[in-house]
Amino acid sequence: MALDLLTVAPDYPLDLLTPAQMGAVDAQAALAGLVVFDLMDRAGTEVAEVVQTRWTPRPVLVLCGPGNNGGDGWVAARRLRDAGWPVRLVSLVPLSALTGAAAAHAARWSAPVEVWEGAGPSLGETALIVDALFGAGLTRPLPPAVRRWLARTTALPLVAVDVPSGLDGGTGVPLGWAPQAALTVTFHRYKPGHFIMPGKSLCGDLHLIDICIPANIRPPDRIETQLNHPRLWQTALRPPRLADHKFTRGWAMIRAGHPESGGMAGAAILSSRAARRVGAGLVSLVTPAALSDWPGTMVTTKPWADACAEKRATGFLLGPGNGVSPATAAAVLAAAATGAPLVLDADALTSFAGDADRLRRGLAGPCVLTPHEGEFARLFAGTPVDLTQGRLSRARQAARWMGATIVLKGPDTLIAHPDGRVIVQPWAPPALATAGSGDVLAGIILGLMALGISASDAAAAGVWLHAAAGQRAGAHGMIAEDLVDFLPEILDKFIEKSLY
Ligand SMILES: NC(=O)C1=CN([C@@H]2O[C@H](COP(=O)(O)OP(=O)(O)OC[C@H]3O[C@@H](n4cnc5c(N)ncnc54)[C@H](O)[C@@H]3O)[C@@H](O)[C@H]2O)[C@@H](O)CC1
Ligand SMILES: Nc1ncnc2c1ncn2[C@@H]1O[C@H](COP(=O)(O)OP(=O)(O)O)[C@@H](O)[C@H]1O
Ligand SMILES: [K+]
């Protein structure tokens, strides 16, 4: 699903269900009188529809597994054959092993069936593979022969039913290995693994099919993972108000680095511009040596301790270009002790490598940490966070342990909150992978928090606005400075205007 980030995106289901939650929904649907045979019929029929929309008729090989995922495959094969496609059907198990709705749909298949043997079927003329082997709830690796067969067919496009078989739909991490799909068709609700790397990449294009399970059938436990969307935070964005003066719009303090301390001032300058563009009333760049920024930025060489003593400060950002050093760590702890909103990025995080517990104990107010994968690994090494887990689990554990919002950046940025909720932003232009882009993101989140917006709303809104600015800047030649320049236009699309 490609998304235009510049519009208030149309409604799409935000909830991402774990495989266990999807199983609970399936079970409740059956209890509510929905017939699994019919749900499977709709699922498989839609798979066939999507295939026919994307490809012209060609020899297709449908691989069907032992469970309901395989059942969808039997339906899809039948529909494609009815539409005149040359279809071969390969069942992973003997037909006598099938049960329930899958067995019932298998009984409706009137053409020859090949049952998997040894190294697997010959490819022959096959030009397209439908993978209906296993769904999102698989808990162990693919059988080795299946894995080897799929690995040999990578030149052919593969359509995955629910997930590419072998991918854990709950985490986005393959159970050892999963094939690369050209497209993935899933049902009722997306699962986290569709959007979190490497699953996001393995799924190819995504299609969500409504198989008519009513929306009031929900899992019994809390849905903890959601897609990002303006409706989560749009009302929290704060337009300028008639009675405002600059101090009511917040004063953000940014610590700038200095070459002599291993720092670079440019990063903090990008952050300061972004914080100002999203509406912070005043932004100070606190720097050990004179530097120049836009004239409206208050550049000051006063000590960082003075900035921390400023009672009117409503937000602090440390890290961009600060240099990794005990001095940076001390400056972080000084700002944290004020209890004012805090954003920590880059060197502010790495300065606590091996000592994350000291940072954790020092946090006294709302805090957003914005690590990329490298910074995350350095900061959380040696903590209770299990670094062998996938991104979703790691981000969630880290936020819980740190008691702060963690923005784990990447093509699938995760915004994890201490209460266990995680917001996923899977849409962001890869052109954002350019130096300084993260500094702009940190400045956006700082500016929003300095305006009084909560850490969770500022992080989710900030990640969206940053990605939207990236989209607006275009696929080629974008530099971090451009992101700052597009922020007013982006904000204008999302901010509520009725309060003027
Ligand atoms: N129940 C429903 O309401 C619907 C379910 N649908 C399909 O049903 C699929 C889920 O069906 P199933 O729950 O049967 O799951 P799967 O189709 O993934 O198959 C699980 C089967 O594989 C076997 N198996 C072997 N090793 C396993 C392992 N390590 N972990 C899990 N299973 C293992 C199990 O014994 C079981 O027979 C979804 O992916 C979706 O394609 C669709 O038909 C739409 C409607
Ligand atoms: N392939 C990608 N697709 C989309 N967004 C990306 C990609 N790579 C990086 N980004 C985004 O770009 C920003 C880069 O930040 P960061 O790594 O901190 O860079 P820097 O420190 O140089 O500013 C993050 O917001 C990240 O989510
Ligand atoms: K599958």
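Which element gives the largest share of the shell around ligand 1? In this predicted model, select ligand 1 and the residues around it: α3 contributes 5 residues, the largest share of that shell.

**Stop 1: ligand 1**

Keep the ligand in view and show its 25 surrounding residues. Those that come nearest are Gly-67, Asn-68, Asn-69, Gly-135 and Asp-162. Next, colour α1 (19-31), α2 (36-54) and α3 (68-82), the elements that each give two or more residues to the shell. Colouring the shell by residue class instead gives 12 nonpolar, 9 polar and 4 charged residues.

**Stop 2: the annotated site**

Now select Lys-409, Gly-410, Pro-411, Asp-412, Thr-413 and Gly-438, which an unreviewed UniProt entry annotates as "binding site". These residues are spread over 30 residues of sequence, yet they cluster in space, with a largest C-alpha distance of 14.0 Å.

**Stop 3: Lys-409**

Within the annotated set, pick Lys-409, in the loop between β16 (405-408) and β17 (413-416). Is Lys-409 buried or exposed? It is buried, because 26 C-beta neighbours lie inside 10 Å and the threshold is 20 or more. Beyond its neighbours within four places in sequence, Lys-409 contacts Thr-370, Pro-371, His-372 and Gly-438. Of these contacts, Gly-438 also belongs to the annotated site.

**Stop 4: Pro-411**

Move along to Pro-411, also found in the loop between β16 and β17. Pro-411 has 17 other C-beta atoms within 10 Å and is therefore partly exposed. To see its contacts, leave out residues up to four places away in sequence and show Met-197, Ala-428 and Pro-430.

Note on methods: Residues numbered from 1 in each chain as written. Chains lettered and ligands numbered in written order. Predicted model: local features only at pLDDT ≥ 70, side-chain atom pairs only at ≥ 80, totals over all residues. Near = placed C-beta within 6 Å. Helix = DSSP H or I, 4+ residues; strand = E, 2+ residues; numbered from the N terminus. Nonpolar A, V, L, I, M, F, W, Y, C, P; charged D, E, K, R; others polar. UniProt positions renumbered as here; feature names shortened; annotations may be inferred. Buried ≥ 20, exposed ≤ 12 C-beta atoms within 10 Å, placed from the backbone. Contact = placed C-beta atoms within 7 Å.
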